Amino acid sequence: MSIHEECGVFGIFGTHKDDMAGLCYYGLFSLQHRGQEACGMVVNDDGVFTVHKDLGLVGEVFSDDVLAGLPQGNAAIAHVRYGTTGSNCKENAQPMTVNHLNGRLAVAHNGNLTNTLSLRKNLEQDGAIFHTTSDTEVICTCITRQRLKCSSIEEAVSRACASLEGAYSLVIMTSTKMIAVRDPLGLRPLVFGVREDGSYVAASETCALEAVHAKGIRDVGPGEMIVFSVNESGKAIYESKKIICEKQPQRTCVFEYIYFSRPDSVIDGVSVHQSRITAGEILAQTYPADADIVIGVPDSGLDAAIGYAKRSHIPYETGLIKNKYTGRSFIAPNQQLRSDTVRLKLSPIKSVVSGQRIVLIDDSIVRGTTSRRIVELLREAGAKEIHVRISSPPFRHPCFYGVDIDSEEYLIATHHSIEEIAKMIGADSLAFLPLHALEKMTCGRGYCCACFDGDYPVPIPKDMRKDRFEGNIQEGV
Ligand code: AMP
């Protein structure tokens, strides 16, 4: 069962025919950091849907030929997917499409439901047949079933959402409308904006709005549904509606600020870049170090390193260079390969680090592989002392809402004290961001940090835990 993935969604809705595929391409390209496994788009040309999706990066899947073969349209939605163990199959690529008695539907989803297994079981007992192992297909089925019973797609989405638990930021397209909807806790981000020609854009991050010259309007609120349609005078309009849910305090995933989102994005009014700088400043204040230079691990450790340097008055240096052409070390299939990939991905600048006492900033330690390798590389390059500072608290709990944080079994901080971890990674000292600093980082917006404190805002069913970490359902079965 594919139940852990971090993804990016994008949608554009206009009134006249345009190169929607090209615009989606730009949108997806700017969201590529949210998923590198698969991508896809669905173009709506007056109610005719054309789908193209495949495994691979945006630039690989959407070659010039493929883009040229897609029709012009008045709307389109698109998706980049980051799946992990066992879920690497084309069938799980999105957007997903459904043809039903009353029309058609395309859905792009970011996040993970926590009640997929029970929803799916109930639907299957009721005759539904699933073609994929993705929770997005479950969402499609819930919406379609409701759509057959009620008079509008917005009502169907609202009713379907009442049965969903967990994290979902969705962009949904029908023949005549587009809907952007965010779960009641606002776990994953979702924004919308407008282009000069009056077309509307919805996306996981503001960086995708910028990519298509859309002016941001605002974030979709937790439990809110934005319905885009065409009015009687032929103008594209949007309307805000509430989905059926209990009002709850916002709990946006704090890891979006720490690692996932691009630093030039703004989530719920907070700049991701600034929040990382703040984390670095707090680290410098709380855990100072006697050192000559501060260096960051590219890319997500760089902003916090700038913040640390600013506050500590220790010079910021570029000490590590990232090879832009390697994949993510995190998803390499085994420990040996993961270690080797770190070496391929990052290399130290000897003239900068040799003989220096270094503060090394990274955004997180999960299994400990990356930090151990980097400390080793820096020592080989002649570093005298290495003081590791991490711009997030220790990871002690798995995430079930869409971030690939491993089972407790592999989380180094679940089993070892900070002193022990320092020894294991070979650092002279080690410190993590204090938990309370997350509030400052997110400027008081409500956030979920269950991976750090174990306080899950949506209860995690036992069978989900089992399914995710013991793999009792085989991919493709
Ligand atoms: P590890 O090597 O297992 O300690 O993982 C920590 C490194 O992986 C850090 O450098 C992070 O930037 C990166 N990282 C943390 N969480 C994730 C994630 N969910 N997916 C991919 N990379 C991650």
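Trainee: What is the volume of the largest cavity?

Mentor: The largest cavity has a volume of about 80 Å³. The model is a predicted one.

Trainee: What makes this space a cavity, and which residues line it?

Mentor: A cavity is a set of points where a 1.4 Å probe fits but cannot get out. Its lining consists of R188, C253, V254, F255, C399, F400, Y401, C448, A450, C451 and Y456.

Trainee: How is the lining of the largest cavity divided by class?

Mentor: Ten of its residues are nonpolar, none is polar and one is charged. Tyr and Cys count as nonpolar, and Arg as charged, so R188 is the charged residue in this lining.

Trainee: Which element gives the largest share of the lining of the second largest cavity?

Mentor: β20 does, with three residues. The second largest cavity holds about 30 Å³ of space, and its lining is V297, L360, I361, D362, S371, I374, V388 and I390. β20 spans 357–362, so L360, I361 and D362 are its three residues there.

Trainee: Why is the pair formed by R367 and the ligand called a polar contact?

Mentor: A backbone N or O atom of R367 lies 2.7 Å from an oxygen atom of the ligand. The cut-off for a pair of N or O atoms is 3.5 Å, so the pair qualifies. T369 also qualifies, because its polar backbone atom is 3.4 Å from a ligand oxygen atom.

Trainee: How much of the ligand does the protein bury?

Mentor: The protein buries 95% of the 500 Å² that the ligand exposes when taken alone.

Technical notes:
Residues numbered from 1 in each chain as written. Predicted model: local features only at pLDDT ≥ 70, side-chain atom pairs only at ≥ 80, totals over all residues. Heavy atoms only, no water. Polar contact = N/O pair within 3.5 Å; in protein donor to acceptor, adjacent residues only side chain to side chain. Areas by Shrake-Rupley, 256 points an atom, 1.4 Å probe, with all protein chains shown as cover. 1 Å grid on protein atoms, 1.4 Å probe; cavity = no way out; pocket = protein on both sides within 12 Å on 5 of 7 lines; lining within 4 Å. Points joined across faces, edges and corners; volume = space filled by probe spheres on them. Helix = DSSP H or I, 4+ residues; strand = E, 2+ residues; numbered from the N terminus.
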